[in-house]
Amino acid sequence: MLPAIADRRSIRRYKEEPVPREAIEAVLQAGILAPSSKNRQPWRFVAATGRAKAEALGMMAAGLDREARRPLLPESSGYLSGARQTLAVVAQAPVAVFVIDALSPDPRSPQTPEERIYSLCNAQSIGACMENMALTATAMGLGSLWICDTYFAYEELCTWLGGRPAAALALGYPDEDPPPRPRRRISDVTEWRS
Ligand SMILES: Cc1cc2nc3c(=O)[nH]c(=O)nc-3n(C[C@H](O)[C@H](O)[C@H](O)COP(=O)(O)O)c2cc1C
C-alpha cells in the first residue's frame, strides 16, 4: 500500500500558513498526469487564493441561497446544511482549486445516451485527476478536501469560472489529524469469479 493512500484524510481544518505557489503547481502537475478517457484531459483548473477565493465563496453562498428559493437540485435539499459546512472549510483553507469539466455537455440539457456516457468518462477522468492531486498533497504534508458541494452553486460557478464546475479541492497545511473513516471490507464489496 502506498503510504499516501493509507494516510490521506479529508481535512476540514487548516492552518493559516499560505501554501507556496510551487507546492500548488506540484499538486496540479500530479492531476495533469492522471489517465483520462481517450487522453482527452477534460480538466481545467482555477487555483484561487486570497480575494479570488473570497469571490468564489460568495458565488458558492449565492448558490446555496438560490437553491433554497429556486432549486436546481430539489431532491438534494437535505444536503444543503452540509454544503454550508463545506463552505466554511473553503473559507478556512488557504487555497481552493476549482476543476472545470471543459468537454462534457451541459448536464441541465437533455442528453443522448452517447453524450451521457461521454460525460461519465470525462467525470471518471476528472476523478482520477482529483485523486492524484489529493494523494500528492498528502505525500507533500498538505491536507486536502475533495468537494462536490460546488454543484449547489452550479449556475453561479459556471459564470464565475467561465466553464462547468466538476469539483473543487481545498488545500492547505492540516490543523487536524482525523482517524481513518470506516471502509467496507474486500469481502463486502467483491464477488470473486474464476
Ligand atoms: C466525489 C467526492 C465528493 C465529495 N464532496 C465533499 C463535499 O462537498 N464536502 C465534504 O465535506 N466532503 C466531501 N467529500 C469527502 C468525503 O466525505 C470523504 O472522502 C469520505 O467521508 C471519506 O473520508 P476520508 O476522505 O477522510 O477517507 C467528497 C469526496 C468525494 C470523493
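This is a short talk that walks through one protein model, from its sheet to its helices, its loops and its ligand.

Hi everyone, and thanks for coming. Before we start, please keep in mind that this is a predicted model.

Let's begin with the sheet. The model has an open sheet of four strands, in the order β1-β2-β4-β3, and the pairing is antiparallel. At the edges sit β1, residues 43-48, and β3, and each of these pairs on one side only. From one strand to the next, the twist averages 20 degrees. For anyone who would like a reminder, strands of a sheet pair through backbone hydrogen bonds, and they can do so in a parallel or an antiparallel way.

Now let me zoom in on β4. On one flank, β4 pairs with strand β2, residues 95-101, through seven bridges in the antiparallel sense. You can pick out particular partners here if you follow along in the structure. D101 has R164 of β4 as its bridge partner, and F98 stands opposite A168 in β4. With β3, strand β4 also runs antiparallel, and five bridges join the two. One pair to look for there is W146 with its bridge partner L169 in β4.

So how many of the residues of β4 are buried? Nine of the nine, across residues 164-172, which is why this strand is largely enclosed by the rest of the structure.

Next, the helices. Helix α5, residues 113-139, lies across β1, β2, β3 and β4, and runs at about 5 degrees to β4. If you rotate the view to look along β4, that is a good helix to compare with the strand.

Helix α6 covers residues 154-161, and in it E156, L157, W160 and L161 are buried. Because these residues cover an arc of only 115 degrees around the axis, they are on the same side of α6. And what covers them? The elements that cover the buried residues of α6 include β1, β2, β4 and α3, the last of these being residues 50-69. Right after α6 comes G162, with a positive phi near 75 degrees.

That brings me to backbone angles. Most residues other than glycine have a negative phi. Which makes the next two residues worth a look. K38 is not a glycine, yet its phi is positive, about 55 degrees. N39, also a residue other than glycine, has a positive phi near 50 degrees. K38 is in the loop between α2, residues 21-32, and β1, and N39 is found in the loop between α2 and β1 as well. Are they buried or exposed? K38 counts as exposed because it has 10 C-beta neighbours inside 10 Å, and N39 is exposed with 7 other C-beta atoms within 10 Å.

Two other loop residues tell another story. T150 is in the loop between β3 and α6, and with 25 other C-beta atoms within 10 Å it is buried. Setting aside neighbours within four places in sequence, T150 is in contact with M60, L157, P165, A167 and A168. Take A167 as an example: T150 and A167 are 17 residues apart in sequence, and their C-alpha atoms are 6.4 Å apart in space.

L103 lies in the loop between β2 and α5. With 20 C-beta neighbours inside 10 Å, L103 counts as buried. Leaving out neighbours within four places in sequence, its contacts are R40, P42 and N122. By way of contrast in the other direction along the chain, L103 and P3 are 100 residues apart in sequence and 33 Å apart in space, C-alpha to C-alpha.

Let me finish with the ligand. Which residues are around it? They are R9, S10, T86, L145, W146, I147, C148, D149 and R181. By class, this shell has four nonpolar, two polar and three charged residues. Strand β3, residues 143-147, gives the largest share of the shell, three residues. You have met W146 already: this residue around the ligand is also the bridge partner of L169 in β4.

To recap, we have a four-stranded open sheet, a strand β4 that is largely enclosed because nine of its nine residues are buried, and a ligand whose shell takes its largest share from β3. Thanks for listening, and I'm happy to go back to any part of the picture.

Terms used: Residues are numbered from 1 along each chain as its sequence is written. This is a predicted model: local features need pLDDT of at least 70, side-chain atom pairs count only at pLDDT 80 or more; totals for chains, interfaces and linings use all residues. A residue is near a molecule or strand if its C-beta atom, placed from the backbone, lies within 6 Å of it. Ala, Val, Leu, Ile, Met, Phe, Trp, Tyr, Cys and Pro count as nonpolar, Asp, Glu, Lys and Arg as charged, and the others, Gly among them, as polar. A residue is buried if 20 or more other C-beta atoms lie within 10 Å of its own, exposed if 12 or fewer, and partly exposed in between; C-beta atoms are placed from the backbone. Two strands pair if DSSP finds at least two bridges between them. Axes are lines fitted to C-alpha atoms, for helices over the stretch in contact, and angles run from 0 to 180 degrees between N-to-C directions. Two residues are in contact if their C-beta atoms, placed from the backbone, lie within 7 Å. The arc is that of the directions from the helix axis to the C-beta atoms.
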